[in-house]
Amino acid sequence: MLHIVVCVKQVPDSREIRIDPKTNTLIRIGVPAIVNFYDLHGLEEALVLREKYGGRITVICMGPPPAEKALKQCISLGADDAVLVTDRGFAGADTLATSYVLAETIKKVEETWGPVDIVFTGKQTLDGDTGQVGPGIACRLDLEQLTYVEKVVGIDMATRRITVHRHLEDGVEVVETKLPVLMTALKELNKVRRAPMPGMLRAAQFKPTVWTTQDFPNLDRSKIGLKGSPTIVAKSWVPEQKAANTEMIDGRDVQVKAATLVDKLWQTDLPARFGWDQKAKG
Amino acid sequence: MAEEVKKQPVDDMPDWSAYRGVLVYIEHREGVAKSVGWQLLGQGKKLADKLEVDLMALVIGYNVQHLAEEAIAYGANRVYVCDAKELQNYRTRPYSRAAMKVIHDIKPEIVLFGATATGRDLAGAIATHLPTGLTADTTELDVEPHPSRLLLASRPAFSEKMMATILCKQYRPQMATARAGVFEALPKDTSRKGEIIHVEFEMDEAEIATKVLDFIQDQSKINIEEAEIIVAGGRGLGGPEPFKMLKELADELGGVVGASRAAVDAGWIKHEHQVGQTGYTVRPKLYFAVGISGAVQHLVGMQNSGLIIAINRDPDAPIFKVAHYGIVGDLFQIVPAITEEVRKRRGL
Ligand SMILES: Cc1cc2nc3c(=O)[nH]c(=O)nc-3n(C[C@H](O)[C@H](O)[C@@H](O)COP(=O)(O)OP(=O)(O)OC[C@H]3O[C@@H](n4cnc5c(N)ncnc54)[C@H](O)[C@@H]3O)c2cc1C
Ligand SMILES: Cc1cc2nc3c(=O)[nH]c(=O)nc-3n(C[C@H](O)[C@H](O)[C@H](O)COP(=O)(O)OP(=O)(O)OC[C@H]3O[C@@H](n4cnc5c(N)ncnc54)[C@H](O)[C@@H]3O)c2cc1C
């Protein structure tokens, strides 16, 4: 039996965000709020592991009350329980403050539903896009940390050891560690299922457990929200296109244009640097 | 940077005089460094000079003395080396333990990592342990001079549509991960002098639960991030075949082939060639954009190239705004003509 916690964040679909060209500000109106899609891959893998090894899945989300919708979606997909951690005091959190609150939440989940074996987060979010919350949680709860997981090979329930493939820039690492573990999910991990009808019905009735700062008597107030966040956004701006002094190459025909361009290239340090002047070998 | 950050008052900041110097983490696989480390030393040098402090490097691994020497050749004044069998492969626990020890001992004011899988994994753990602020995936790094000495860490936000400058005033060190291919390394100079300091590492293998069983190197992979010459093609190529024509020019110049997302999505070429926001950020010395219109998501991945040449039949294509040289015309005629001309010039 496994107890799996899946962390989900509700995010604006930043692919839909446009910049108002007059004011240079973000147009947020009409931008849909969605479940960060990497998190759904985390949930999907949790469902697969529950099917294989048995157990339960608790989904947690820190966010404003409308984020309840994200949790209902997770319930429709098959999660057992869902917790919304919401409070004005949590607002304005950077990754350090966020990982603190989520780690405290997971501790409370353990008190409520029993010890946790696996925590899933997404690889990163669509809005903050840092990929730092997963490592932050692992560090705070002293879990083994497996980031960028593209495949869970299996879990040996007797020895409580898990084997996964991690996808790195230059290849795939096969790595084994012991539970409890935190994994960050890539989209290659699986294909997210569609919500089955019974799940949708359950979600329609479902009310997530809501925890506020009141529910965490030992919470260190200096570590949450804006106050607990070391990073400060000092300014934001719309980058201007770097205007180069473009020189257009003209000529009576293609050969002349090509020759003019290659002349220009030969006036730089590139031929010497890359040995273009030396004849090709063989 | 578009405009200056408002001068930061220092009266609300703690006294950070115990923290001095810039530290760069040197990532490697089996003793072969990733170029992002050298790029960060290049940028780190500018920051260190402005703050009038040392530029330091951190090397963690097994049999990695040569990387310390290389770091000096790339500009570090001082290199801290943790060399132990247990550190052969990257694993979060032992690496973060080693890095934390160095950070505690030397108290740098700034620590930089590549925004790679490993860099983010490690920096995320360390920033939480310390604790301190960590700015992710930066593409601009500057500092305010003494007295505030603040790191101005700027990063793209909202699918690259905006930039945000992030500060960390109440904690030290200030930490950031930085995108590969954005900053420029200093020329490697083996006559540079520097100090190498060995740091004891004590952690028993039995204490480390995680074991790396295997690493399957992606063999087919072209290393576009490290390429110094790229000939990139877009939707204008119309199919997979014409990429051979680009490959010929690239081979002649000693470069590799790149692509726009339109070409990758059409299935004409693999994603590992893709330049741009959802592909790779590149900074070659020479970049050809062939049949690429120049969408902003493409430009963010290549606009810092040394010399940009655009070939497009549409004179109003936005790519011409960032190119140094532009040719308006049919790529199917122009590219072979250039290849021919280069061959001639080389006396072939
Ligand atoms: C433009 C912009 C830039 C920012 N830059 C930085 C920065 O450089 N450094 C910094 O520290 N903060 C930064 N922040 C703040 C930061 O993004 C968050 O607000 C923080 O709450 C979550 O970080 P993330 O979105 O990057 O999450 P990531 O670390 O990318 O998220 C990884 C995973 O953690 C889980 N997770 C994250 N947040 C929640 C949540 N609220 N509830 C449940 N699960 C969650 C999800 O599973 C998610 O997939 C930035 C915010 C914005 C809008
Ligand atoms: C979230 C997001 C992420 C994205 N990430 C990326 C990314 O990482 N990289 C990327 O490249 N794009 C990315 N895009 C897509 C980007 O917006 C553009 O759609 C894409 O770059 C267009 O590719 P293209 O220039 O090849 O095609 P087009 O815009 O169709 O341009 C084709 C060009 O070829 C020229 N042409 C046609 N025939 C000829 C000929 N015979 N001779 C000469 N010229 C000719 C045309 O004049 C035209 O300018 C992203 C988009 C989104 C929304």
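Why is helix α4 (residues 133-141) of chain A largely enclosed by the rest of the structure? In this predicted model, the explanation lies in a simple tally: 8 of the 9 residues of α4(A) are buried, so the helix is largely enclosed by its surroundings. The buried residues are Val133(A), Gly134(A), Pro135(A), Gly136(A), Ile137(A), Ala138(A), Cys139(A) and Arg140(A). Their cover includes α3 (95-113), β8 (118-122), β9 (144-156) and β12 (181-185) of chain A, and α4 of chain B also takes part. Just after α4(A) comes Asp142(A), whose phi is positive, at about 55 degrees.

The helix α4(B) leads on to the contact between the two chains. Here chain B contributes 76 residues and chain A contributes 66 residues. On the side of chain B that touches chain A, the elements giving two or more residues are the helices α4 (117-129), α8 (319-322) and α9 (331-345), along with the strands β7 (134-138), β10 (162-168), β13 (211-217), β17 (307-312) and β18 (325-328). The largest share of this side, 9 residues, belongs to α4(B). Sorted by class, the side of chain B that touches chain A holds 39 nonpolar, 21 polar and 16 charged residues.

The chains also meet within a sheet. In general, the strands of a sheet pair through backbone hydrogen bonds, in either a parallel or an antiparallel manner. Strand β15 (residues 247-248) of chain A pairs with β18(B) in the parallel sense, over 2 bridges. At this meeting point, Met248(A) is found opposite Gly326(B) of β18(B). Both strands belong to an open sheet of 6 strands with parallel pairing, and reading across it gives the order β15(A)-β18(B)-β17(B)-β16(B)-β14(B)-β15(B). The edges are formed by β15 of chain A and by β15 (256-259) of chain B, each of which pairs on one side only.

Further into chain B, strand β16 (residues 286-290) and β17(B) are joined in the parallel sense over 5 bridges. One pair to look for is Leu286(B) with its bridge partner in β17(B), Leu307(B). Helix α5 (residues 243-253) of chain B packs on the sheet and touches β14 (229-233), β15 and β16 of chain B. The direction of α5(B) makes about 170 degrees with that of β14(B). Another helix, α9(B), lies across β16, β17 and β18 of chain B and runs at about 140 degrees to β17(B). Helix α9(B) is also among the elements on the side of chain B that touches chain A.

Terms used
Residues numbered from 1 in each chain as written. Chains lettered and ligands numbered in written order. Predicted model: local features only at pLDDT ≥ 70, side-chain atom pairs only at ≥ 80, totals over all residues. Contact = placed C-beta atoms within 7 Å. Helix = DSSP H or I, 4+ residues; strand = E, 2+ residues; numbered from the N terminus. Nonpolar A, V, L, I, M, F, W, Y, C, P; charged D, E, K, R; others polar. Pairing = 2+ DSSP bridges. Axes fitted to C-alpha atoms, helices over the stretch in contact; angles between N-to-C directions. Buried ≥ 20, exposed ≤ 12 C-beta atoms within 10 Å, placed from the backbone.
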